[in-house]
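Thanks, everyone. Let me walk you through a structure that is new to most of you. Please have a look at the screen.

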Amino acid sequence: MVEAVKAVRKKELGYKTAAKTFQVPRVTLKDYVKSSLEPEDMVNRDIGRPTVLPKVIEQMLAE
């Protein structure tokens, strides 16, 4: 997604071509391109409800 956003912002690719090339949803790509945030910040942010368990316990359970 990050590479797709960068390509559209640099006008190397259009929305449709970038969405197909990087296999990402076109509408989501448009939202990310129009945002003022950096692409890395948008993709790596925590969204959704906060977790109930501490991250240490979640990591132990994931192993």
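Let's start with the surface. The chain exposes about 5300 Å², and carbon and sulfur atoms supply 53% of that area. Keep in mind that this is a predicted model.

Now the charges. The chain carries 12 positive and 9 negative side chains. The centres of those two sets lie 12 Å apart.

On to the fold. How many helices and strands does the chain have? There are 5 helices and 0 strands. Read from the N terminus, the order is α-α-α-α-α. The radius of gyration is 15 Å, and the globule rule gives 11 Å for 63 residues, so the chain is more spread out than a compact globule. Along its principal axes, the C-alpha trace spans about 45 × 25 × 15 Å.

What about the inside? Of the 63 residues, 21% are buried. Next, contacts between residues at least 6 apart in sequence. Among these, 46% join residues at least 24 apart.

Here is the core. The largest nonpolar core has 10 residues. From the start of the list, we have Ala-4, Val-5 and Val-8. Then come Ala-18, Ala-19 and Val-24. Leu-29, Tyr-32, Val-33 and Met-42 complete the set. Which elements give two or more residues to this core? They are helix 1, helix 2 and helix 3.

Stay with Tyr-32 for a moment. Leaving aside residues up to four places away in sequence, Tyr-32 touches Met-1, Val-5, Arg-9, Met-42 and Val-43. Two of those partners, Val-5 and Met-42, are core members as well.

Now the loops. A bit of background before we look at them. Most residues other than glycine have a negative phi.

Take Lys-11. Lys-11 sits in the loop between helix 1 (2-9) and helix 2 (15-22). Its phi is positive, about 60 degrees, although Lys-11 is not a glycine. Is Lys-11 buried or exposed? Its relative accessibility is 72%; the cut-off for exposed is over 50%, so Lys-11 counts as exposed.

Next, Gln-23. This residue lies in the loop between helix 2 and helix 3 (26-34). Gln-23 is not a glycine either, yet it has a positive phi of about 55 degrees. With 71% relative accessibility, Gln-23 counts as exposed.

Last stop, Pro-54. Where does Pro-54 lie? Look in the loop between helix 4 (39-43) and helix 5 (55-62). Pro-54 has 46% relative accessibility, so it counts as partly exposed. Now compare Pro-54 with Asp-31. They are 23 residues apart in sequence. In space, C-alpha to C-alpha, Pro-54 and Asp-31 are 31 Å apart.

To recap: 5 helices and 0 strands, a chain more spread out than a compact globule, and a largest nonpolar core of 10 residues. Over to you.

Methods
Residues numbered from 1 in each chain as written. Predicted model: local features only at pLDDT ≥ 70, side-chain atom pairs only at ≥ 80, totals over all residues. Heavy atoms only, no water. Helix = DSSP H or I, 4+ residues; strand = E, 2+ residues; numbered from the N terminus. Rg over C-alpha atoms; globule rule 2.2 N^0.38 Å. Buried < 20%, exposed > 50% of the residue type's maximum accessible area, 1.4 Å probe, protein only. Contact = heavy atoms within 4.5 Å. Areas by Shrake-Rupley, 256 points an atom, 1.4 Å probe, with all protein chains shown as cover. Lys, Arg positive; Asp, Glu negative; His and termini not counted. Charge placed at Lys NZ, Arg CZ, Asp CG, Glu CD. Core = buried A, V, L, I, M, F, W, Y, C linked by side-chain atoms within 4.5 Å.
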